[in-house]
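Welcome, and thanks for opening the viewer. Please keep the selection panel at hand, and we will walk through the model stop by stop.

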Amino acid sequence: MRFRDQVVAVTGAAGGIGRVLVDRFTAEGAVVAGSDIAGASGVDVTDRAAVREWVAQVEQRHGPIDVLVNNAAVTRDADFVDLPEEQWHREIDVALTGAFLCAQAVLPSMIARERGVIVNISSVNAVSYFGNEAYSAAKAGLLSLTRSLAVKYGRHGVRCNAVLPGTIRTPIWDERVAVAPDILDRLADWYPLGRVGTPDDVASAVLFLASADAAWITGVALPVDGGLLAGNRAMTEQVVIA
Ligand SMILES: NC(=O)c1ccc[n+]([C@@H]2O[C@H](COP(=O)([O-])OP(=O)(O)OC[C@H]3O[C@@H](n4cnc5c(N)ncnc54)[C@H](O)[C@@H]3O)[C@@H](O)[C@H]2O)c1
């Protein structure tokens, strides 16, 4: 029960990872306020007024927010040369500007209470190229934001960290699975641990970083990627003789 009576706010809460985050924080005693552009709350993280209203409602109903998880994101496959400018902006707005707006909304009460944690869901795409240029740029920007908040607000008792998931089986893959039903099974071979990830793999890392177990950890980018970023096994198998 690491989060007994803590108030946890999760964006993108109706998605594959978001739902599990809500369940896992709730199971550990938290009062969880989830929001999503889809579903009942209808909060769009790119809408400053809607974000402010959501945070104000949560604080009024449950008290000040102890933990914010910036989890909302969108991406669609498109060739870079034909990538519509609106799509570039939307992917950056949801993943990066949304995190900025949510952090800005929760920080005043965190600073006033000298306690608070922000966990940003970035991606392996932030640090290595795996396609989806706009999404990757947004996720890389999110790492910079993570470091900025960690350093700027550390003395105010606020920690800020990021997780970098690899491939996780969630609805964000639905369009690709519709075209290539075995895509996630084929991708498993690229992972040193031999499988793609689950929302629980990501949630375990998020809950750790949000908890007192990580009290002296801030500004880090933690890969949750089955070893993907550690090296390229397929390549080394071609160059190593013995
Ligand atoms: N699934 C993966 O392979 C993978 C890999 C790396 C990182 N991630 C990251 O994990 C996070 C969760 O993704 P997921 O896999 O659960 O995807 P998902 O599509 O299931 O969930 C994303 C959720 O964000 C919501 N959302 C989209 N735009 C929004 C907006 N403007 N305002 C509020 N909510 C909005 C969607 O409605 C959806 O419920 C994302 O940040 C994603 O980039 C996922």
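A cavity here is a set of grid points, over the protein atoms alone, where a 1.4 Å probe fits but cannot get out, and its lining residues have an atom within 4 Å of a point. Keep in mind throughout that this is a predicted model.

**Stop 1: the largest cavity**

Please select Thr11, Val45, Asn70, Asn71, Ala72, Val94, Ala95, Gly98, Ala99 and Cys102, which together line the largest cavity. The space inside this cavity is about 40 Å³. Which helix gives the largest share of its lining? Colour helix 3 and you have it: five of the lining residues come from there. Sorted by class, the lining of the largest cavity holds six nonpolar and four polar residues, with no charged ones.

**Stop 2: the second largest cavity**

How many cavities of 30 Å³ or more are there? The count is two, so our next selection is the second one. Pick Arg76, Ala78, Leu83, Glu91, Asn132, Glu133 and Ala134, the residues that line the second largest cavity. Its volume is about 30 Å³. Here the lining has three charged residues, along with three nonpolar and one polar.

**Stop 3: the ligand and its shell**

Now centre the view on the ligand and show what surrounds it. The shell has 30 residues, and the closest are Asp36, Asn71, Tyr135, Thr170 and Trp173. You have already met Asn71 in the lining of the largest cavity. By class, the shell around the ligand contains 17 nonpolar, nine polar and four charged residues. Colouring by secondary structure helps here: helix 1 (16-27), helix 3 and helix 4 (133-153) each contribute at least two residues to the shell.

Next, turn on polar contacts and look at three of the partners. Start with Val45, another residue from the first cavity lining; a polar backbone atom of Val45 is 3.0 Å from a nitrogen atom of the ligand. Move on to Lys139, where a polar side-chain atom lies 2.8 Å from a ligand oxygen atom. Finish with Ile168, which places a backbone N or O atom 2.8 Å from an oxygen atom of the ligand. How much of the ligand does the protein bury? Taken alone, the ligand exposes 820 Å², and 92% of that is buried by the protein.

**Stop 4: the second largest pocket**

Select Arg115, Val117, Arg159, Ala210 and Ala212 to find the second largest pocket; of its 14 lining residues, these lie nearest its centre. The pocket has a volume of about 200 Å³. Six nonpolar, four polar and four charged residues make up its lining.

**Stop 5: two backbone angles**

Most residues other than glycine have a negative phi. With that in mind, go to Glu114, in the loop between helix 3 (85-113) and strand 4 (116-121). Its phi is positive, near 55°. Is Glu114 buried or exposed? Exposed means over 50% relative accessible area, and Glu114 counts as exposed because its relative accessibility is 53%.

The last selection is Asp5, in the segment before strand 1 (7-11). Asp5 also has a positive phi, near 65°, though it is not a glycine. With a relative accessible area of 63%, Asp5 is exposed.

Methods. Residues numbered from 1 in each chain as written. Predicted model: local features only at pLDDT ≥ 70, side-chain atom pairs only at ≥ 80, totals over all residues. Heavy atoms only, no water. Helix = DSSP H or I, 4+ residues; strand = E, 2+ residues; numbered from the N terminus. Buried < 20%, exposed > 50% of the residue type's maximum accessible area, 1.4 Å probe, protein only. Near = heavy atom within 4 Å. Polar contact = N/O pair within 3.5 Å; in protein donor to acceptor, adjacent residues only side chain to side chain. Areas by Shrake-Rupley, 256 points an atom, 1.4 Å probe, with all protein chains shown as cover. Nonpolar A, V, L, I, M, F, W, Y, C, P; charged D, E, K, R; others polar. 1 Å grid on protein atoms, 1.4 Å probe; cavity = no way out; pocket = protein on both sides within 12 Å on 5 of 7 lines; lining within 4 Å. Points joined across faces, edges and corners; volume = space filled by probe spheres on them.
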